[in-house]
Amino acid sequence: FFFFLFLFNNLVMGSKFSSAAESSIAKKEVNDFISASIQENSVVFKSKDAAKFDSMWDKFWVEGAFMIRPSGNPLTKESWREMVTAKDISMESTELKSVDSVNLIAEGKVAVVTYTAHDKFSYKGTPNDDLAKFSGVLEKQADGAWKFVHLHRATGQSPPK
């Protein structure tokens, strides 16, 4: 009996500790991915450069992914490129405020995330200063990189004064 208890404690409990460590590593990877994607998106938005947008998309998004705007309208790669390069929108800054949740599913190959970003931009000359919540689904690629499959931006709220 004690031998089986020993095996249970060392083999079964030990595997739980290694999966917790793996989960911690994956969550850090996801946090780093979100931060990098926001930083690069800000650079691309400010540049208004379609080629830079395509490069950013290929780095952070799977083929066929889309984003849903607060209006409910989906943005495909093509429609998002049009928005980013439009003269009506001027990006001042985008800052990741927090990664609020990272839930790993499908044996750690998919992450369901929520995060908060602070966006300052103007649309047709009207300034916007928004704290926006995002929810997204990321997929771990064969090479180990994370990519967005889906992203949804909620309506931005005014930051606290």
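Which residue in strand 4 is the bridge partner of Ser90? The partner is Ser122, and the legends below set this pair in the context of a predicted model.

**View 1. Strands 3 and 4 form an antiparallel pair.** Strand 3 (89–105) and strand 4 (110–123) are joined through 14 bridges. Ser90 and Ser122 are bridge partners, the latter lying in strand 4. The hairpin of these two strands has 4 residues between them, and Ala106 there adopts a positive phi near 55°.

**View 2. Strand 4 also pairs with strand 5 in the antiparallel sense.** This pairing likewise runs over 14 bridges. Ala117 has Ala132, in strand 5, as its bridge partner. With 2 residues between the strands, the hairpin of strand 4 and strand 5 includes a positive phi near 50° at Lys124.

**View 3. The open sheet contains 6 strands with mixed pairing.** Their order across the sheet is 2-1-6-5-4-3. Strand 2 (74–75) and strand 3 occupy the edges; each has a single partner strand, so one side of each lacks a neighbour in the sheet. For strand 2, pairing with strand 1 is antiparallel and comprises 2 bridges. Met67 is bridged to Leu75 of strand 2.

**View 4. The largest pocket draws its lining from helices and strands.** The volume of the largest pocket is about 560 Å³. Its lining consists of 26 residues, and those nearest the centre are Phe45, Met67, Met83, Asp119 and Arg153. Two or more residues each are contributed by helix 1 (2–47), helix 3 (77–85), and strands 1 (61–68), 3 (89–105), 4 (110–123), 5 (126–140) and 6 (146–153). Strand 4 contributes the most, with 5 residues. Classified by residue type, the lining has 17 nonpolar, 6 polar and 3 charged residues. Met67, one of the residues nearest the pocket centre, is also the bridge partner of Leu75.

**View 5. Helix 2 carries its buried residues on the same side.** Helix 2 spans residues 50–60, and its buried residues are Phe53, Met56, Trp57 and Phe60. These residues lie on the same side of helix 2 because they cover an arc of only 100° around the axis. An α-helix has 3.6 residues a turn, so residues three or four places apart point the same way. At the start of helix 2, a side-chain oxygen of Asp49 comes to within 2.8 Å of the backbone nitrogen of Ala51.

Definitions and conventions:
Residues numbered from 1 in each chain as written. Predicted model: local features only at pLDDT ≥ 70, side-chain atom pairs only at ≥ 80, totals over all residues. Heavy atoms only, no water. Buried < 20%, exposed > 50% of the residue type's maximum accessible area, 1.4 Å probe, protein only. Arc of directions from axis to C-beta. Polar contact = N/O pair within 3.5 Å; in protein donor to acceptor, adjacent residues only side chain to side chain. 1 Å grid on protein atoms, 1.4 Å probe; cavity = no way out; pocket = protein on both sides within 12 Å on 5 of 7 lines; lining within 4 Å. Points joined across faces, edges and corners; volume = space filled by probe spheres on them. Nonpolar A, V, L, I, M, F, W, Y, C, P; charged D, E, K, R; others polar. Pairing = 2+ DSSP bridges.
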